[in-house]
Amino acid sequence: MTTKNESLCFTEKLIDYIHASPSAYHSVENAAKILEDAGFTKLDSSASFAIKPCGKYYLTRGGSSLIAMIIPEDTSKISFTIGAVHGDSPCFKLKPSCESDAFGKYGKLTVEKYGGAILQTWFDRPLSVAGRIVVEEDGQLISKNVNIDRDLLIIPNVPIHLGNIKEPTPLTDFLPLFSEKESGIALYDIIAEYAGVSKESIISTDLFVYNRQKGCIFGADNEFFSSPRIDDLECAYSLLEGFTEAKPASSIAVYAMFDNEETGSSSRQGAASTFLPETLLRTVLSLGGSQEDYYAALASSFMLSADNAHAKHPNHPELFDSLNAPNMNGGIVIKTNSSQRYTTDAVSFAIVKKICEKAGVPCQNYANRADLPGGSTLGNIALHQLPVCCADIGLAQLAMHSSCETAGVKDALYLKNAAKVLFETKFTAQSDFGYSLD
């Protein structure tokens, strides 16, 4: 079992990762740094794969999705052990032409809602802008990540004396205050400064408004932590740390971080794309296998879709199924849903329980209250193109999709330890109804 100090130390590292990852582009950039420090080599998707036994590789798509692989020594009988997460979070995206005028006095920015944010939580807190820009350099179009790493914006609320905004909308109520017009400073001036480029070289952008608040640990005994983007960077970081520590015996260990989960995953870099199945197929072919070997490998493979779960709310327990409502610091949450919003079935449920037992990690259940639909995640979407045994899990948190969320300090390390065991396990299909775990 882990100690309190180990959990606190790991949570502090998680908070640092989240703070350094204000957009999906930065989530991937920082994950790539962790992988490179662990000895992984970047693959070029536009060139033939040259994959060898005992190698460690990663590749990216669109700058905001990433897949990494650890190849075992023995590749004569291939299978995959996959952990999948997402690196995006609900927020606001800037429109291409985003600077707007407020009665000639102030400058504000026009935005679109990205994902299902709890909108009211974005009022009256320091914000900034991060994402990527495309610039022209020596006749080439180059993508660059940029983070305006200072308090830059705020979305002002309407005072209670002037009436409550019952249904605030991004069209009018969530336009960030940016400047006094007389300053003459344009947003692209600041973007260019932080990106280290000339303003004239910027051609286009994918930029997002993000919460500047850094996470903190709190509670009577430091039991909890609060941070932006806990969903899903808590799972993304914890799974990645377990992945990089793992020493797979025979299965190919695969870590996948997707973008655009919060908007349905239907993008070139989302879980509904060809990114994961294409990468796995090309890996099999590079190792000397055939397409038939690839399909055989899928039959003995296992995937864990890791995306956070709703903790039982201390003020509203009536919103939960009393027998299937997880608690923060209660360990891995195994998520089930009869409408297939989650992929977990009896077989994959049992596999996760055995993994947790082996890792010495507690686990708990989540199922929606029968008359509430609940959320969904990337697992069932990815399985449209990748028919593998899969379970949906997460870590219990409060205020999911708020601009600042809350979770337990023990759970991230629980997932990291379970992930290490997961990636070191070989899954062998005995039939349509059973697996052996080595």
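These are my notebook entries on a predicted model, taken one topic at a time.

**Entry 1: the nine-stranded sheet**

I started with the sheets. One of them is open and has nine strands, in the order 1-2-3-13-4-14-18-16-17, with mixed pairing. I then looked up its edges: strand 1 (41-42) and strand 17 (363-366) each pair on one side only. Next I wanted to know what packs on this sheet. I found helix 7 (residues 346-359), which touches strand 14, strand 16 (332-335), strand 17 and strand 18 (389-394). The direction of helix 7 makes about 60° with that of strand 18.

I picked one pair of strands to follow by eye. Strand 4 (residues 80-86) runs parallel to strand 14 (residues 302-306), and the two pair over four bridges. A handy place to look is Thr-81, which stands opposite Phe-302 of strand 14.

**Entry 2: the six-stranded sheet**

The other sheet I looked up is open too, with six strands in the order 8-7-10-5-6-9 and antiparallel pairing. Its edges are strand 8 and strand 9, each paired on one side only. From one strand to the next, I note an average twist of 30°.

Which helix packs here? I noted helix 2 (residues 24-37), in touch with strand 7 (127-137), strand 8 and strand 10. Its direction makes about 90° with that of strand 8. For a pair to follow, I took strand 5 and strand 10 (residues 202-211), which are antiparallel and joined over two bridges. Phe-92 stands opposite Val-209 in strand 10.

**Entry 3: a nonpolar patch**

On the surface I found a nonpolar patch made of Phe-103, Tyr-106, Ile-154 and Leu-177, with about 390 Å² of accessible area together. I checked two of its members. Phe-103 lies in the loop between strand 5 (91-102) and strand 6 (106-114). It counts as exposed because its relative accessible area is 71%, and the cut-off is over 50%. Ile-154 is in the loop between strand 8 (140-147) and strand 9 (177-180). At 31% relative accessibility, Ile-154 is partly exposed.

**Entry 4: backbone oddities**

A reminder to myself: most residues other than glycine have a negative phi, and most peptide bonds are trans. Phe-103 turned up again here, with a positive phi near 40°. Gln-340 also has a positive phi, about 70°. I located Gln-340 in the loop between strand 16 and helix 7, and it is partly exposed at 49% relative accessibility.

Then I looked for a cis peptide bond. The bond from Asp-231 to Asp-232 is cis, with omega near 10°. Asp-232 sits in helix 4 (residues 230-245).

**Entry 5: salt bridges**

How many salt bridges does the whole structure hold? The search gave me 14. I went through a few.

Asp-16 and Lys-214 meet through their side chains at 2.9 Å, N to O. They lie 198 residues apart, with Asp-16 in helix 1 (residues 4-19) and Lys-214 in the loop between strand 10 and strand 11 (216-218). Asp-16 is partly exposed at 40%, and Lys-214 is partly exposed at 41%.

Glu-278 bridges to Arg-61, with the closest N and O atoms 3.1 Å apart. Here 217 residues separate the partners: Glu-278 is in helix 5 (residues 275-286) and Arg-61 in strand 2 (residues 56-61). Is Arg-61 buried or exposed? I put it down as buried because its relative accessibility is 14%, and buried means under 20%. Glu-278 is partly exposed at 37%.

My last pair was Glu-424 with Lys-420, again with closest N and O atoms 3.1 Å apart. I closed with a network: salt bridges with shared partners join Lys-93, Arg-132 and Asp-206.

Terms used
Residues numbered from 1 in each chain as written. Predicted model: local features only at pLDDT ≥ 70, side-chain atom pairs only at ≥ 80, totals over all residues. Heavy atoms only, no water. Pairing = 2+ DSSP bridges. Contact = heavy atoms within 4.5 Å. Axes fitted to C-alpha atoms, helices over the stretch in contact; angles between N-to-C directions. Patch = residues over 30% accessible without salt bridge, like charges linked within 9 Å, V, L, I, M, F, W, Y side chains within 5 Å. Areas by Shrake-Rupley, 256 points an atom, 1.4 Å probe, with all protein chains shown as cover. Salt bridge = Lys/Arg side-chain N within 4 Å of Asp/Glu carboxyl O. Buried < 20%, exposed > 50% of the residue type's maximum accessible area, 1.4 Å probe, protein only.
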